[in-house]
Structure formats: structure tokens, C-alpha cells
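User: Please take a close look at one helix of this chain and the packing around it. Then set that helix in the context of the whole fold.

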Amino acid sequence: MSVDTPRRIVLLRHAKAEWSQESDHERPLAERGRRDAPVVGRKLVDSGITLDLALCSTAARTRETWKLAVHEMPRRPRTVYEERLYEASPGELIALINETPDDVRDLLVVGHNPGMHAVADALSDSAEGDALARMHRGGFPTAAFAVVAFSGTWKGVEHGVGRLVEYWTPND
């Protein structure tokens, strides 16, 4: 793919998790999370996004969110469970995105807040419609996702490189 190849990054926060006696890393999805995760998968399909690669945090709630969401998709993308996504800072998230292979056009990152919100905001120099205003106003609730489009290489992803083309929450 060329340097001018249009690409998309989908930043998905895990669905609602239970507060339990488990370690934070092992917290499972709550009932609401188990309902919302398949809806996310259907919404991604309806959006016309064909994922080539999914990077998913190793936390139980992110793995469960992805398992339920991907079940709704006609084609399962290659999935990498990445320990570095758990509690990653925005800089660490961008560094992981920079490692994406050049043959990937659409990348999904399943992670946690505040990182997902911060990276969506940092990468988005502009937005379609009121997507950026809605994201700033509503925060980045569980099961929300943002789609950032850009042209260029994955190594070139940095602050302000993209355009927020979609922001969705389960309450939309």
C-alpha cells in the first residue's frame, strides 16, 4: 500500500464490567456489558468497516467484549492479544499503533479508558459533523468507539494526523 493509502483506526473501550473481588485485570463483563458488546459488533458492520487486524488488551473484560462483538461480524480479522494495552498511556497506545504492519488498512484497538478517549482526541485534528463535540461532551463510556481516518503509514501516526469520522456510544 502506498503512503497515501486511506486507513482507519477504530478505538473501542471495553463494555461495562462488574465490580468484583477479582483483580482489576480479571474483572468480567456485567450483564449490561454482555448485552452491549454484540451491538458494537453489529454497529461496526453497519458502518462498513472491514477490519484487517484487532489489537485487544489481555484484560478479561476486553477479551470478552471482543469475543461477543466479533461474533457479529461476517469475517474475523487477525487478532493479537496485547499485554501492553492494559493501562496504556496515550503515548504507549500511539507507539503500539505505529507497529501496525503496512498491509493493514483498518485497525481495531480494544482497550481501556482514559487511554481510548485520550488517543481518539489526540489523533483527531478535525471531525465530521458534531462527532468531536459529542465525544468531548459525553466522554468515552463503556462500549463506545471512535473511528479516526488518516492517509499515510502506520509509522506516521501521531497527534493531529487524523479526522474523527465516527463516534458512537450504546446510548446513540
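Analyst: Buried here means under 20% relative accessible area, exposed means over 50%, and partly exposed lies in between. The model is predicted.

With that cut-off, take helix H2, residues 60-70. Its buried residues are Ala60, Arg61, Thr62, Thr65, Trp66, Ala69 and Val70. The list mixes residue kinds: Arg61 and Thr62 are on it, and so are Trp66 and Val70.

What do the buried residues of H2 pack against? Three of the partners are strands E1, E2 and E4. Strand E3 (78-82) and helix H1 (31-46) are partners too.

Two buried residues of H2 lead on to a core. Trp66 and Val70 belong to a core of 21 residues, which also includes Ala37 and Trp168. This core is separate from the largest one.

Now the H1 side. Arg35 sits in helix H1. Arg35 counts as partly exposed because its relative accessibility is 48%. From Arg35 to Leu68 the C-alpha distance is 8.9 Å, across 33 residues of sequence.

Next, the largest nonpolar core. It has 30 residues, and Ile97 and Leu164 have the most contacts inside it. Strands E1 (6-13), E2 (53-57), E4 (106-111), E6 (145-151) and E7 (162-168) each give two or more residues to this core. So do helices H3 (90-98), H4 (115-123) and H5 (131-138). E1, E2 and E4 also take part in the packing of H2. In soluble globular proteins, nonpolar side chains tend to be buried together.

Ile97 deserves a closer look. Beyond its neighbours within four places in sequence, Ile97 is in contact with Ile9, Leu107, Val109, Val119, Leu123, Trp154 and Val157. Ile97 is one of the buried residues of H3, along with Leu93, Ile94, Leu96 and Asn98. The cover over the buried residues of H3 includes E1, E3, E4 and H4. E1, E3 and E4 are also partners of the buried residues of H2.

H3 has a less covered position as well. Gly91 is in this helix. Gly91 has 49% relative accessibility, so it counts as partly exposed. The C-alpha atoms of Gly91 and His159 are 9.5 Å apart, with their positions 68 residues apart along the chain.

Toward the C-terminal side, Thr169 lies in the segment after E7. Thr169 counts as buried because its relative accessibility is 7%. Leaving aside neighbours within four places in sequence, Thr169 is in contact with Pro141 and Ala144.

Finally, the chain as a whole. How many helices and strands does the chain have? There are five helices and seven strands. Their order from the N terminus is β-α-β-α-β-α-β-α-β-α-β-β. Among contacts between residues at least 6 apart in sequence, 76% join residues at least 24 apart.

The overall dimensions come next. The C-alpha atoms fill a box of roughly 45 × 30 × 30 Å along the principal axes. The radius of gyration is 15 Å, which agrees with the value near 16 Å for a compact globule of 172 residues. Buried residues make up 51% of the chain.

The surface completes the picture. The accessible surface is about 8100 Å², and carbon and sulfur atoms account for 48% of it. The chain carries 22 positive and 26 negative side chains. The centres of these two sets are 4 Å apart.

Methods:
Residues numbered from 1 in each chain as written. Predicted model: local features only at pLDDT ≥ 70, side-chain atom pairs only at ≥ 80, totals over all residues. Heavy atoms only, no water. Core = buried A, V, L, I, M, F, W, Y, C linked by side-chain atoms within 4.5 Å. Buried < 20%, exposed > 50% of the residue type's maximum accessible area, 1.4 Å probe, protein only. Helix = DSSP H or I, 4+ residues; strand = E, 2+ residues; numbered from the N terminus. Contact = heavy atoms within 4.5 Å. Rg over C-alpha atoms; globule rule 2.2 N^0.38 Å. Areas by Shrake-Rupley, 256 points an atom, 1.4 Å probe, with all protein chains shown as cover. Lys, Arg positive; Asp, Glu negative; His and termini not counted. Charge placed at Lys NZ, Arg CZ, Asp CG, Glu CD.
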